Amino acid sequence: MREGNLVNLILGIILACCTFSSYWVNAEDPYRYFTFQVILVNGQFPAPRIECETNDNIIVNVINKLDEPFLFTWSGIKQRRTSWQDGVLGTNCPIPPNSNWTYKFQVKDQIGTFTYFPSINFQRAAGGFGAFVIQPRIVITTPYPIPNGELDLLIGDWYNTDHKTLRKKLESGVQLPLPNGLLINGKSSTTLVLKKGLTYKLRISNVGIATSINFRIQGHLMTLVEVEGAHTMQETYESLDIHPGQSAAVLVSLKNLASKSYYFVASTRFTKPILNAIGILKYEGSTTPPSKPLPIGPTYHLHWSMKQARTIRLNLTANAARPNPQGSFHYGNITVVRRLIIENSLTKIKGALRCAVNNVSYVDPPTPLKLADWFKIPGVFDINTFTDTPTSRPAMLGVSVVNITLHDFVEIVFQNKESTVQSWHFDGTSFYVVGYGSGVWTYNMRKRYNLVDGISRHTVQVYPKSWTAILVSLDNKGMWNLRSTVWWRNYLGQQLYFKVWNDEKSLYTEADIPLNAIKCGKASKY
């Protein structure tokens, strides 16, 4: 794939980014300021890395120089008390062209590897994504030796077509074909120059819109240490599957090997043909080129992938953002108060191609759900539209909102009867992945759940004709998006929202509407 095609997709966009140093006010946690323009940010593709520390306050001024509305969302950032800052159409009015809007939020009690990206108008297919890294506070111990350096690897599929053309295809009822290729940090090939004898942390994120990937390094093993803000048991892998929207951090040691160059490969999973992006890991000072064959990865091998997924478990004794061990929250001992079975489908509604969840294909109303709920505006959504389990009713368009009481402990089973891998993301929280299985889920499957050290994360895969089960404590008040991270499915309606609430108005549980909130739709007059 020619890199010139990438440039052509982003010509004519004016870009600037200013980053100011952190400063402290009294005893507050530090603030960090960023100014972005899109879809390239600071003339960069991928966008600049946002790096901060647990509990930092983040202020991002987004200047939209596109010819259409825009929003950033912060994938995996929990937005505690501030769903106003989530950057999706259920919480925010979009930023109009040639205007700006400032996000303000705190990365409260979080560490780890995350991303940010455009959330509307299928703009994610045109770039604008970047790494979002939260480092631990210095007083918190890390369950592995501090690496000598770290690098971001943003890997994803790419179409040689602009996002507006792709969007029109979807709206005309045409499914998108297989992407044209894979990119690593915005390039079809890249070289990492590292020093022999040192250990590096690679933060790997799948920023694609359609395909799962497998990542591997010739002659090197990878030790998994963190997944989306949770420290893992430190298993060693020759290759690692990462599904759309997911992130992982691995340690790679450059020791006891010949000082030369080695290939690393990202390849698509469960596709025909298999797409590859090939990079080079070069030992500093080496003049010896890498030698073939390339490291071999899995091809289809669904069972292999599911088996590997079960090995990704929570490190119960490690600290994360807080000094208490991750295992101190005994999720397996908590009573489930509600169970939802979420079934995806590809269907036609009124002759148009749509994706549905429990036979409801989500349509964004002109008024964001959060604004409608805050101002008590009637007629925007109905909590009776969505059902907790699949039904036999005909598929329909609708605004799906699940009504949940703050602090409810909920079980969600993702049921996938289709022949493609699904990937689901939950804003505003992280959840425990307790089970994967083939076929149709039944209550008896609960006997197989991991109720001790299931990994905590924000995005989970569901294999073809299979199910995945999660447990989640919904302890963050707000309006939260549960969505497909296969972006064309998301665009065609595979998403819904959870209204997490109680009748107590308190700044301890939810911040007031921001003074700079953009108001649109029925909320314009408030």
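How do the residues of the lining of the largest pocket divide into nonpolar, polar and charged? In the predicted model examined here, the lining is made up of 11 nonpolar, 15 polar and 10 charged residues. The space within this largest pocket amounts to about 930 Å³. Its lining comprises 36 residues, of which Lys78, Arg80, Asp109, Ser430 and Asp475 are the closest to the centre of the pocket.

An open sheet of 5 strands, with mixed pairing, follows the order β11-β20-β19-β13-β17. The edge positions are taken by β11 (191–194) and β17 (239–242), and each of these has a single partner strand, so that one side of each is left without a neighbour in the sheet. On average, and with direction ignored, neighbouring strands of this sheet are turned by 20° against each other. Within the sheet, strand β13 (residues 212–217) runs antiparallel to strand β19 (residues 261–269), and the two are joined by 6 bridges; phenylalanine 215, for its part, has alanine 266 in β19 as its bridge partner. Helix α3 (residues 302–310) lies across β13, β17 and β19, and the direction of the helix is at about 90° to β17.

The loop between β19 and β20 (276–283) holds two backbone features of note. Phenylalanine 270, which is found in this loop, has a positive phi of about 60° although it is not a glycine. With a relative accessible area of 16%, phenylalanine 270 counts as buried, because the cut-off for that class is under 20%. Proline 273 is placed in the loop between β19 and β20 as well, and the peptide bond that leads to proline 273 from lysine 272 is cis, with omega near 0°. Such features depart from the general pattern, since most residues other than glycine have a negative phi and most peptide bonds are trans.

Corresponding backbone features occur elsewhere in the chain. The peptide bond from phenylalanine 45 to proline 46 is cis, again with omega near 0°, and proline 46 is located in the loop between β2 (31–37) and β3. A positive phi, of about 50°, is found at lysine 465, which is not a glycine and which lies in the loop between β30 and β31 (466–474). Lysine 465 has a relative accessibility of 51% and therefore counts as exposed, the threshold for exposure being over 50%.

Aspartate 56 is situated in the loop between β3 (47–53) and β4 (57–64), and its relative accessible area of 1% classifies this loop residue as buried. When residues up to four places away in sequence are not counted, aspartate 56 touches Pro30, Arg32, Phe105, Gln106 and Val107. One of these contacts, arginine 32, is 24 residues apart from aspartate 56 along the chain, and the C-alpha atoms of the two are separated by 7.2 Å.

Two further strands are described here together with their partners. In strand β7 (residues 112–118), 7 of the 7 residues are buried, so the strand is largely enclosed by the rest of the structure. Strand β5 (residues 72–75) pairs with β7 in the antiparallel sense over 4 bridges, whereas the pairing of β7 with strand β8 (residues 130–135), also antiparallel, extends over 5 bridges. Threonine 115 takes part in both pairings, as it stands opposite serine 75 and has alanine 131 as its bridge partner in β8.

Strand β27 (residues 422–426) is likewise mostly covered, with 5 of its 5 residues buried. The burial applies to both faces of the strand, with Gln422, Trp424 and Phe426 on one side and Ser423 and His425 on the other. An antiparallel arrangement with strand β30 (residues 459–462) is formed through 4 bridges, and β27 is also paired with strand β32 (residues 478–484) in the antiparallel sense over 3 bridges. Tryptophan 424, one of the buried residues of β27, has valine 460 as its bridge partner in β30 and serine 484 as its bridge partner in β32.

Technical notes:
Residues are numbered from 1 along each chain as its sequence is written. This is a predicted model: local features need pLDDT of at least 70, side-chain atom pairs count only at pLDDT 80 or more; totals for chains, interfaces and linings use all residues. Side-chain values use heavy atoms; hydrogens and water are left out. Two strands pair if DSSP finds at least two bridges between them. Axes are lines fitted to C-alpha atoms, for helices over the stretch in contact, and angles run from 0 to 180 degrees between N-to-C directions. Contact means heavy atoms within 4.5 Å. On a 1 Å grid over the protein atoms alone, a cavity is a set of points where a 1.4 Å probe fits but cannot get out, and a pocket is an open set with protein on both sides within 12 Å along at least five of seven lines; lining residues have an atom within 4 Å of a point. Grid points are joined across faces, edges and corners, and a volume is the space filled by probe spheres set on the points. Ala, Val, Leu, Ile, Met, Phe, Trp, Tyr, Cys and Pro count as nonpolar, Asp, Glu, Lys and Arg as charged, and the others, Gly among them, as polar. Buried means under 20% relative accessible area, exposed over 50%, partly exposed in between (1.4 Å probe, protein chains only).
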